[in-house]
Number of protein chains: 2
Amino acid sequence: MDETEKLQTYRRGSGVSTVYETLRNEIIELKLPPGSPIDEQQLSDRFALSRTPIREALVRLAAEGLITTLTNRATIVSNIDFLGLPEFFDALTLMYRVTTRLAAANHAEGDIATIRIQQKAFELAVANRDVLGMISTNRDFHIAIAQAGRNRYYVELFTRLLDEGRRILRLYYSSFNDVLPRQYVGEHEEMIQAIINRDVALADRLASAHADQIVRQIRSYITADSRQNASLAL
Amino acid sequence: MDETEKLQTYRRGSGVSTVYETLRNEIIELKLPPGSPIDEQQLSDRFALSRTPIREALVRLAAEGLITTLTNRATIVSNIDFLGLPEFFDALTLMYRVTTRLAAANHAEGDIATIRIQQKAFELAVANRDVLGMISTNRDFHIAIAQAGRNRYYVELFTRLLDEGRRILRLYYSSFNDVLPRQYVGEHEEMIQAIINRDVALADRLASAHADQIVRQIRSYITADSRQNASLAL
DNA sequence: TGTATTTTTCTTGTCGACAAGAAGTCGGCA
DNA sequence: TGCCGACTTCTTGTCGACAAGAAAAATACA
């Protein structure tokens with residue numbers, strides 16, 4: 001809002017992607033919380049660009065469902081759809097399973113190394129008790145697995161789901177305790193081994209259990225939070 | 001190209017969606033074949049709109065992967081990715097199964113009626129030997145089922161996959177014979193019954209078999225076609 | 001005559017300005 | 001005092017024009 005982003009001029013065509021990626025991150029990291037108004041003029045000033053490229057970035061974000069445009073009126077950061085959470089969990093679980101299965105079946109030379117790098121980053125975040133880091137490195141780890149599975153449709157949907165999940169987790173990240181993440185590290189290790197051994201059935205089972213863990217965790221956050229609010233009323 | 005689309009002026013904001021939907025249809029129906037150049041100026045003339053709303057429609061189509069923009073150079077209708085066909089079949093089959101399962105589990109009052117309407121439309125197209133009609137009504141039938149399953153993530157991905165499939169089928173629709181579609185009508189009926197009875201397992205099995213049928217059919221079209229080309233060389 | 005280089009042309013990317021639509025504001029009236 | 005309607009203002013939607021980049025065409029040179 002107050003920060004002048006870049007006085008530097010962009011290379012032709014690079015402006016839109018800069019705006020797109022910057023806003024995308026800020027939305028996912030809740031730096032722009034759900035419901036925040038998105039003002040084109042303001043962004044135009046901030047990025048030192050005309051409204052046209054800003055608009056193009058916003059159209060892309062809208063296509064992804066990250067922002068909602070009220071026609072002729074305003075555009076805001078999309079709200080988190082708590083009513084749609086069951087659908088979300090269902091799709092997320094399916095993608096966890098399918099991508100891990102495919103990784104076990106299709107992974108090629110070098111894929112494992114990439115996955116291991118992400119796993120190391122996740123371990124580091126856990127060791128440092130960097131909660132925000134855990135959330136994003138966990139995402140990167142699973143996307144690396146999905147990419148090893150070599151199905152762009154799944155990678156795309158999974159990415160969207162994981163990023164939507166990041167928004168939800170950020171909302172509740174204060175309740176993160178350090179016992180579950182440590183367990184995740186172990187589960188990740190097992191998954192890597194199953195993938196290496198091309199044990200599709202085992203990979204599926206592990207992914208399924210892992211997904212259940214995460215879904216249960218998110219659910220507990222949400223219910224715990226609402227209980228807190230309920231106790232406030234006494 | 002030669003047709004003057006509409007001299008009428010659009011209501012503020014309705015122009016983009018008109019352009020978007022029109023182009024989307026033309027791409028899927030191969031009226032704009034893969035590789036066709038998309039000229040903004042030309043579209044601007046055709047729709048009697050400035051280049052700005054045209055551009056917005058194109059950005060949306062690009063986000064969906066229906067068109068490809070070569071930066072600073074040209075934008076064309078995306079090619080059909082034959083190398084990615086295995087991934088496509090895998091995802092398509094999974095979505096057939098998952099959506100039909102969910103429809104059996106979650107369908108509510110009125111969903112069946114909607115599905116039946118689409119099934120009737122499909123039957124009619126088969127009776128009339130309207131191949132193009134079969135392709136699009138078949139899509140509508142399965143999307144109706146997906147919607148009864150009540151999971152927007154699956155509906156969205158499935159819609160994209162089915163529409164991509166429409167492009168492929170259009171390429172080969174001349175080889176459509178009328179024995180397989182008749183079989184599809186029966187398979188559709190069975191699926192409807194399984195959904196009504198909330199028999200998830202049966203719905204899954206039928207959807208799986210149905211998907212296999214379709215995949216096999218597309219595969220046979222493609223190989224038959226390439227064989228034809230091969231024989232030409234003699 | 002063939003190749004390298006300059007020029008032209010064409011399409012996309014960006015800009016600043018104007019128009020339309022909706023919410024909020026202000027004033028009038030019962 | 002409360003409600004209805006015109007007005008103002010603010011944001012988005014659209015426009016026409018200009019700039020940049022790349023391919024194609026034309027030209028110069030060996």
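1. Surface near DNA strand D. In this predicted model, α3(B) gives the most to the surface near DNA strand D, namely three residues. Elements supplying at least two residues each are α2 (40-47) and β2 (74-77) of chain A, along with α1 (14-28) and α3 of chain B. Strand D is surrounded by 23 residues, of which A:Glu40, B:Gly15, B:Leu49, B:Ser50 and B:Thr52 are the closest. Sorted by class, this surface has five nonpolar, eleven polar and seven charged residues.

2. Surface near DNA strand C. Here α3(A) is the element that gives the most, with three residues. At least two residues each come from α1 (14-28) and α3 (51-63) of chain A and from α2 (40-47), α3 (51-63) and β2 (74-77) of chain B. There are 24 residues around strand C, and those that come nearest are A:Gly15, A:Leu49, A:Ser50, A:Thr52 and B:Glu40. The class count is five nonpolar, eleven polar and eight charged residues.

3. Contact between the protein chains. On chain B, 20 residues are in contact with 20 residues of chain A. The side of chain B that touches chain A draws two or more residues from each of α3, α4 (85-106) and α7 (152-172) of chain B. Of these elements, α4(B) has the largest share, with five residues. Eight nonpolar, five polar and seven charged residues make up this side of chain B.

4. Helix pair α5/α8 in chain A. Helix α5 (residues 111-127) packs against helix α8 (residues 179-196) at an angle of about 170°, and the two axes are 10 Å apart. Because the angle is over 145 degrees, α5(A) is roughly antiparallel to α8(A). From α5(A), the contact uses A:Ile112, A:Ile115, A:Arg116, A:Gln119, A:Phe122, A:Glu123 and A:Val126. From α8(A), it uses A:Pro181, A:Arg182, A:Val185, A:His188, A:Ile192 and A:Ile196. By class, the α5(A)-α8(A) contact has eight nonpolar, two polar and three charged residues.

5. Helix α7 of chain A. This helix covers residues 152-172, 21 residues in total. From first C-alpha to last, α7(A) reaches 30 Å, close to the 30 Å expected at 1.5 Å a residue. Its buried residues include A:Tyr153, A:Tyr154, A:Phe158, A:Leu161, A:Leu162 and A:Leu169. Charged side chains are also represented in the buried set, with A:Glu164 and A:Arg166 among them. The remaining buried positions are A:Val155, A:Leu157 and A:Gly165. As background, residues three or four places apart in an α-helix point the same way, because there are 3.6 residues a turn.

6. B:Asn138. This residue lies in helix α6 (residues 131-149) of chain B. B:Asn138 counts as buried because it has 25 C-beta neighbours inside 10 Å, where 20 or more are required. Leaving out residues up to four places away in sequence, B:Asn138 touches B:Phe122 and B:Tyr184. B:Leu162 is 24 residues from B:Asn138 along the chain, with a C-alpha separation of 9.2 Å.

7. B:Glu109. The loop between α4 and α5 (111-127) of chain B holds B:Glu109. With 6 C-beta neighbours inside 10 Å, B:Glu109 counts as exposed, since the limit for that class is 12 or fewer. B:Glu109 and B:Ala148 are 39 residues apart in sequence, while their C-alpha atoms are 9.6 Å apart in space.

Notes. Residues are numbered from 1 along each chain as its sequence is written. Chains are lettered from A and ligands numbered from 1 in the order in which they are written. This is a predicted model: local features need pLDDT of at least 70, side-chain atom pairs count only at pLDDT 80 or more; totals for chains, interfaces and linings use all residues. A residue is near a molecule or strand if its C-beta atom, placed from the backbone, lies within 6 Å of it. Helices (H or I, at least four residues) and strands (E, at least two) are DSSP runs, numbered from the N terminus. Two residues are in contact if their C-beta atoms, placed from the backbone, lie within 7 Å. The expected span of a helix is 1.5 Å times one less than its number of residues. Axes are lines fitted to C-alpha atoms, for helices over the stretch in contact, and angles run from 0 to 180 degrees between N-to-C directions. Angles under 35 degrees count as roughly parallel, over 145 as roughly antiparallel, 65 to 115 as roughly perpendicular and the rest as oblique.
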